[in-house]
Amino acid sequence: MKSFFTGLICLCMVLSAACTIPETEKKAISLTLLYDNYIFTEGLKAEWGFSCLITGTEKTILFDTGRSKEIFYYNIDQIRPDLEAVSQVVISHNHSDHTGNLFNFLETHSKVAVYVPASFPKPFMDKIKKTDAVAVPVDKPIEISRDVFLTGEMESDVIAEQSLVINTDRGLVIITGCSHPGILNIIRRAKEIVHKEVYLVIGGFHLLDASDDAVKMIIREFKNLGVLNVSATHCTGDRAIELFKKAYGRHYIPTGVGAVLTL
């Protein structure tokens, strides 16, 4: 287990001892990265894409499914998460590095609700419906289980996208796929849904081609918006990640495939 700062987030490797909390305390919420283009735990495989398993919430949620079947299931075989507990799947947007294993997953875990942006093409929705899964198009903010919200479909010049927001005792946890609508717009939307400070933003921020000045402006606005902790990955870009690390110091949480962030 790796602890990056006391009383904040316990960040532990999946293959090491599990993070624990006293039985008298509220059940911990954990985010396990199953797929990413950065490796946190040795022995796992990285490839462009993103997938995160959310446990400890009222319902267990799979957020995005990566691209490659071989890599997705290799990592699952190593990490051994309880996928049988998944009852909700959230797809952030219609790019193959986020949808790639949805139907592979539904072949063996079809009794779930699948939440996708409302603009997804009809053939995609029909394919979900041909399984035992329930396809749920999302256009506006919605609470999908207790204290778990979706931002609703947010438009961008590239593609519509939704993000996931968890209302925790410590503040909001925002999970993004690629942040095509703009990471700052997503944070603002989350704070409109639940009027709380933002404890953590994790996922892809889509800053690969952003200049240093642009990234520094975004970081300043993160702080103006009250974002306490950051864990940037996937499409954020190496340089942008370095700038976030420098700006957030001990409140920057390194992540990648195999990382478990336990709140």
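1. Helices α5 and α6 run roughly parallel to each other in this predicted model, because angles under 35 degrees count as roughly parallel and the two helices pack at an angle of about 10°. Their axes lie 10 Å apart. Two packed helices are described by exactly this pair of values, the angle between the axes and the distance between them.

2. Which residues make up this contact between α5 and α6? From α5 come Ile183, Leu184, Ile187 and Arg188, and they meet Met217, Ile218, Glu221 and Phe222 of α6. Sorted by class, the contact has six nonpolar residues and two charged ones, with no polar residue.

3. Helix α5 spans residues 183-193, and its buried residues are Ile183, Leu184, Ile186, Ile187 and Ala190. These residues sit on the same side of α5, because they cover an arc of only 160° around the axis. What they pack against is a set of several elements, namely β11 (164-168), β12 (171-176), β13 (198-204), α6 (212-224) and β14 (227-233).

4. The strands named in the previous point belong to an open sheet of six strands, whose order is β9-β10-β11-β12-β13-β14 and whose pairing is mixed. The edges of the sheet are formed by β9 (142-145) and β14, each of which pairs on one side only. From one strand to the next, the twist averages 20°.

5. At the β9 end of the sheet, β9 pairs with β10 (residues 148-150) in the antiparallel sense, over three bridges. As a place to look in the structure, Ile142 stands opposite Leu150 in β10. Helix α5 packs on the sheet as well, where it touches β10, β11, β12, β13 and β14, and the direction of α5 makes about 140° with that of β12.

6. Helix α7, made of residues 238-248, can be read in a similar way, beginning with its buried residues, which are Ala240, Ile241, Leu243, Phe244 and Tyr248. They are on the same side of α7, because the arc they cover around the axis is only 160°. Among the elements that cover these buried residues are α6 and β14.

7. Which exposed residues does α7 carry on the face turned away from its buried side? That face carries Asp238 and Lys246, both exposed. Just after α7 comes Gly249, a residue whose phi is positive, at about 55°.

How values were computed: Residues are numbered from 1 along each chain as its sequence is written. This is a predicted model: local features need pLDDT of at least 70, side-chain atom pairs count only at pLDDT 80 or more; totals for chains, interfaces and linings use all residues. Side-chain values use heavy atoms; hydrogens and water are left out. Buried means under 20% relative accessible area, exposed over 50%, partly exposed in between (1.4 Å probe, protein chains only). Helices (H or I, at least four residues) and strands (E, at least two) are DSSP runs, numbered from the N terminus. The arc is that of the directions from the helix axis to the C-beta atoms. Contact means heavy atoms within 4.5 Å. Axes are lines fitted to C-alpha atoms, for helices over the stretch in contact, and angles run from 0 to 180 degrees between N-to-C directions. Angles under 35 degrees count as roughly parallel, over 145 as roughly antiparallel, 65 to 115 as roughly perpendicular and the rest as oblique. Ala, Val, Leu, Ile, Met, Phe, Trp, Tyr, Cys and Pro count as nonpolar, Asp, Glu, Lys and Arg as charged, and the others, Gly among them, as polar. Two strands pair if DSSP finds at least two bridges between them.
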